[in-house]
Amino acid sequence: MADLDVVVVGAGFTGIYAVHALRSAGLTVRAFEAGDGIGGTWFWNCYPGARCDVESKDYSYAFSPELEQEWSWSERYPAQPEILRYLHHVAGKFGLWPHIQLNTRVTAAVWDAGPSTWTVSTDDGASVTARFVVMGVGNLSELAVPDIPGLDTFEGPWYHTSRWPKEGVDFNGKRVGLIGTGSTGIQVAPEIAAVAEHLYVFQRTANFAVPNRNRPWEDAEERTFKESYRDYREQARKSILGVPVAGTGKAALETPADEREQVYMERWKAGGGMPFLGAYTDVMFVREANDTVAEFMRDRIRETVADSEVAELLCPKNFPVGAKRLCQSDDYYAMFNQPNVTLVDIRSAPVESVYPGGLKTAANSYELDAIVFATGFDAITGPLFAIDIRGTGGVALREAWARGPRAYLGVAAAGFPNMFIVTGPGSPGVLSNMVLSIEQHVEWIRDCITHLTGGGYATVEADPAAQETWMELVTEIAYSTLFPMADSWYVGANIPGKPRAFTPYVGGVGSYRERCDAVAAAGYEGFTLGPGSVSTA
Ligand code: N01
């Protein structure tokens, strides 16, 4: 006997849809959410400038034609508050609130082979049993703050962008130090620079950023677009990144340089990162082809930033475009022309310590009133390891994945029956349009649970051999591309001691979906289904 059919961990895009989809299949479900609101990533990352780099028409649920017709996005790229409003609308429309428990962090999930149930414990001291657990913990929810000597002595406030105070922060007249120049740092920097007395941007690695060309989504444009939304969603499902991207169909290295420049310039003027990665067939496969994009982008930096030394420092030189998340900003590079902004190179002169009044590098001291860390996350595995997950024989997930994470199809780990991971390692997840991948996963999980229940099965578990074969394929595809060629969170390089592993499936969301469907059609090939049934209260 179990209390519930399914416990869902997290109430972001995954948890919200999982509650809806699983309840619609007749299952009893409860989602636990650590925050005091729903939204996951979009609840926590409320720093100024937070905005999605996938267009709103793509970064939204496709499961309900009615929802996609009735909801109106105001801008091409949705800002964090609007995404949060959207998720509240979804939760209200589909009656999900009674099934989501806020302010409750899941601390442990332990498999009990006897009754074939998970016991899920929460930080309020309670526990609940369930036939299945769906981990919707997000890939980027466990934040990383560098261990800088003296940080505890700093007299001013310091913030991590992912735990931004809901009431906001007033940097007016303040000297602010920003550490981190990834997608987040590049978004927050111009917002701080607009009000601060001075902003010091401490850069360890320069990053590529392309313009958003964000703009309002006009009513007429929206109406016309929505007439063929279903067809558009279908194209997205069959695409590589989960967003239809029009490529030239040619190889960059077989295209005359002037024609290439023209193609890149058109994409630069149109805005957005994915059109660059998909412009030519060889951009993400051949370094010389990628270099043509990189040099184009470096030229744009050089023509934007007035001080040539600063411009050169801002030019990324040691990794291929796209091997780190391609950042998007309309004003990051131009910001360095402001007199109140200083770029500090902490690659050549690293940060040494924080002292009560500021920050010291190997070359200089900087008097600061506040420090902002946009230093990213212990990605993919961090949020799962933060929960004491124990599978068959009490083995901890942390131990099972000590040499790197492994999951069959990215959704299920051998040794952890009846536990599903949404956008886990081995799935397209982090290198795709997240919302599309989330929906695909959740629907596959729903169908799997329905199949088990209908077929008289109590358990489902990934076979170790199928898991290994899958992860070998994921690795083989990854290393045929340039995606793993940077020290980034994609490979765990940002966390000291973390095993280096590139785990996203980059073969395309279309081919991934086909493989998942084929596994299901073959009676969940590569999984062991255990007979029995577990009743729920
Ligand atoms: O984190 P990051 P993020 N000393 O890991 C630096 C998504 N996202 O929060 O490159 C000094 O990318 C680090 O330097 P280096 C998106 O998927 C999306 O920016 O390691 N510096 C780097 O510059 C993204 O990829 C959106 O040398 C240190 C930065 O901190 C993911 O979230 C917006 C350091 C971390 O960059 C994570 O992005 C925001 C140290 N000890 C985020 N440690 C949109 O949709 C780290 N750094 C637009």
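The side chains of Lys-93 and Glu-66 meet in a salt bridge, with N and O 2.4 Å apart, where a salt bridge is a side-chain nitrogen of Lys or Arg within 4 Å of a carboxyl oxygen of Asp or Glu. Lys-93 lies in helix H4 (residues 80-93) and Glu-66 in helix H3 (residues 65-70), so this pair ties together parts of the chain that are 27 residues apart in sequence. The helices and strands I name are DSSP runs, H or I of at least four residues for helices and E of at least two for strands, numbered from the N terminus.

Before I go on, please keep in mind that this is a predicted model, in which local features need pLDDT of at least 70 and side-chain atom pairs count only at pLDDT 80 or more, while totals for chains, interfaces and linings use all residues. Residues are numbered from 1 along each chain as its sequence is written, and side-chain values use heavy atoms, with hydrogens and water left out.

Are the two partners of that first pair buried or exposed? Lys-93 is partly exposed, at 29% relative accessible area, whereas Glu-66 is exposed, at 51%; buried here means under 20% relative accessible area, exposed over 50%, and partly exposed in between, with a 1.4 Å probe and protein chains only.

In general, side chains of opposite charge can pair when their charged atoms come close. By the rule I gave, the count in this model comes to 28 salt bridges, and I would like to show you two others. One of them joins Asp-369 and Arg-175, at 2.9 Å from N to O. This pair links distant parts of the chain, 194 residues apart, since Asp-369 sits in the loop between strand E15 (365-367) and strand E16 (370-373), and Arg-175 in strand E8 (residues 175-179). Asp-369 is partly exposed, with a relative accessible area of 23%, and Arg-175 also counts as partly exposed, at 27%.

The other is between Arg-302 and Glu-312, whose closest N and O atoms are 3.1 Å apart. Arg-302 belongs to helix H10 (residues 287-304) and Glu-312 to helix H11 (residues 308-314), with their positions 10 residues apart in sequence. Through shared salt-bridge partners, Glu-295, Arg-298, Asp-299, Arg-302, Glu-312 and Lys-317 are joined into one network.

Let us turn to the ligand. Which residues come nearest to the ligand? Of the 24 residues around the ligand (each with a heavy atom within 4 Å of it), those that come nearest are Thr-184, Arg-204, Thr-205, Lys-324 and Trp-489. By class, this shell has 9 nonpolar, 9 polar and 6 charged residues, where Ala, Val, Leu, Ile, Met, Phe, Trp, Tyr, Cys and Pro count as nonpolar, Asp, Glu, Lys and Arg as charged, and the others, Gly among them, as polar. Helix H5 (residues 183-193) provides the largest share of the shell, 3 residues.

Looking at single atoms, a backbone N or O atom of Ser-183 lies 3.1 Å from a ligand oxygen, and in the side chain of Lys-324 an N or O atom is 2.7 Å from an oxygen atom of the ligand.

Finally, please look at Glu-222, which has its place in helix H6 (residues 219-227). Glu-222 is buried, with a relative accessible area of 6%. Leaving aside neighbours within four places in sequence, Glu-222 is in contact (heavy atoms within 4.5 Å) with Trp-71, Ser-72, Trp-73 and Trp-217.

Definitions and conventions:
Polar contact = N/O pair within 3.5 Å; in protein donor to acceptor, adjacent residues only side chain to side chain.
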